[in-house]
Amino acid sequence: MRITVLTVPECPNAPLALERITAALAGRAAQTELVEIHDPDQAATRGMNGSPTILLDGVDPFASAGAVPSVSCRLYRDADGEVTGAPSVAALREALTGASQVSAAAPVDCCERDALDAVGRAGRGRRAPAEQGLRAVHQAVLRYFAETGTAPGPEVLEPVAEQAGRTARELLAELAAEDFLTLDEAGQIHAAYPFCAVPTRHRVQIEGGVEVWSMCAIDALGIPPMLEADAVITSSDPVNGEQVTITTRGEAATWEPEDAVVFVGQRPGGGPAATACCDALNFFTSTASAQTWINDHPGIPGRVVTQAQAEEIAQQTFGPLLAL
């Protein structure tokens, strides 16, 4: 775990925060750094809501709704109502435990209570079953997208469907019912996660190949591992409109800006991922920008995840899709 303490120079409560973090860790391994913030612009970029601010893997677990980036002194209230200059050891221990569980669970935790439920089809994953031609047609759709940047029509898929003794339209309807893809009113493919047939906020340029659109941030990150190909992902922060770029080379990814994060959320009520969560899984240039979006969308539960967590989620979700 990476723990970052953001402070203004000579903050009197910084040593107290570090002391309590050490006590809460109780010997557990963690990378702890102290970062000095000198002006409000830096505070906004790094997600500092007063000095000291403690980030666990880039997320402020003590941020209150509507918190505004600031270089002012920050105070914390413990369970007994006492106000001090740093979170209590008990509060830090609870936050550290929660962050550790999120980090460990994020790649595979797709249960109904999780914000990623729609992404992972309630834990069932996005790899279509092999029975009755479903996987063969699903994979044919994904490969067509990857090769052309467009969706195949049913006529393109007919030879594959015939091998299972079924029609392409029949199989597409079944895949849509199980939320492996979505169809428009004419029965044409609108999206086959992670691809989309129409322009979106998220573009992926496959190295040596075509440019494709993805449904959401996690989908975009899932295309390189699914295809085992390098790519350049470009998106835009929905709050400030600034560009986020992720360049993948093998298993490594370079993010610009370096403080970019991903918010994963899901609209209440369930339904297919295309309507339940795809517009709520976005790249943000910073945790502070993501928090602004969260404050503006109180009806969408979810969480901010780090770059590493987002990459792992994408790998776990989309990496196996083209396996036989």
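**Close-up 1. Arg 126 and the ring of Tyr 193 in the predicted model.** The charged end of Arg 126 sits over the ring of Tyr 193, at 4.3 Å from the ring centre. A charge is taken to sit over a ring if NZ of Lys or CZ of Arg is within 6 Å of the ring centre and within 35 degrees of the ring normal. The model is predicted: local features need pLDDT of at least 70 and side-chain atom pairs count only at pLDDT 80 or more, while totals for chains, interfaces and linings use all residues. Residues are numbered from 1 along each chain as its sequence is written, and side-chain values use heavy atoms, with hydrogens and water left out.

**Close-up 2. The aromatic pair of Phe 62 and Tyr 76.** Five aromatic pairs are present in the structure. Rings of Phe, Tyr and Trp (its six-membered ring) pair if their centres lie within 6.5 Å; planes under 30 degrees apart count as stacked, over 60 as edge-to-face and the rest as tilted. The ring centres of Phe 62 and Tyr 76 are 5.9 Å apart and the planes stand at 85°, so this pair is edge-to-face. Phe 62 belongs to the loop between strand 4 (53-56) and strand 5 (70-73), and Tyr 76 to strand 6 (residues 76-77); the pair thus links distant parts of the chain, 14 residues apart. Helices (H or I, at least four residues) and strands (E, at least two) are DSSP runs, numbered from the N terminus. Phe 62 is partly exposed, at 22% relative accessibility, whereas Tyr 76 is buried, at 7%. Buried means under 20% relative accessible area, exposed over 50%, and partly exposed in between (1.4 Å probe, protein chains only).

**Close-up 3. The ring cluster of Phe 263, Phe 284 and Trp 293.** Phe 263 and Trp 293 form a tilted aromatic pair, 5.2 Å from centre to centre and with 50° between the planes. Phe 263 lies in strand 16 (residues 261-265) and Trp 293 in helix 9 (residues 287-296), so the contact ties together parts that are 30 residues apart in sequence. Both Phe 263 and Trp 293 are buried. Ring pairs link these two residues with Phe 284 into a cluster.

**Close-up 4. The salt bridge between Asp 60 and Arg 74.** The structure contains six salt bridges, each defined as a side-chain nitrogen of Lys or Arg within 4 Å of a carboxyl oxygen of Asp or Glu. In one of them, the side chains of Asp 60 and Arg 74 meet at 2.9 Å, N to O. Asp 60 lies in the loop between strand 4 and strand 5, and Arg 74 in the loop between strand 5 and strand 6, so the bridge ties together parts that are 14 residues apart in sequence. Asp 60 is buried, with a relative accessible area of 10%, and Arg 74 is buried as well, with 9%.

**Close-up 5. The salt-bridge network of Arg 166, Glu 170 and Glu 174.** These three residues are linked in a network of salt bridges. Within the network, Glu 170 bridges to Arg 166, with the closest N and O atoms 3.5 Å apart. Arg 166 is buried, at 14% relative accessibility, whereas Glu 170 is partly exposed, with a relative accessible area of 39%.

**Close-up 6. The salt bridge between Glu 207 and Arg 249.** The closest N and O atoms of Glu 207 and Arg 249 are 3.4 Å apart in this salt bridge. The pair links distant parts of the chain, 42 residues apart: Glu 207 is in the loop between strand 11 (202-206) and strand 12 (211-214), and Arg 249 is in strand 14 (residues 243-249). Glu 207 is partly exposed, at 48% relative accessibility, and Arg 249 is partly exposed, with a relative accessible area of 44%.

**Close-up 7. Strand 12 and its partners in the open sheet.** The open sheet has eight strands in the order 8-9-10-12-11-13-14-15, with antiparallel pairing. Its edge strands, strand 8 (182-183) and strand 15 (252-256), each pair on one side only. Two strands pair if DSSP finds at least two bridges between them. Strand 12 pairs in the antiparallel sense with strand 10 (residues 195-196) over two bridges and with strand 11 over four bridges. Ser 214 in strand 12 stands opposite Phe 195 and also opposite His 202. Along strand 12 the side chains alternate: Val 212 and Ser 214 point to one face and are buried, while Glu 211 and Trp 213 point to the other and are not. The hairpin of strand 11 and strand 12 has four residues between the strands, and Gly 208 takes a positive phi near 75° there.
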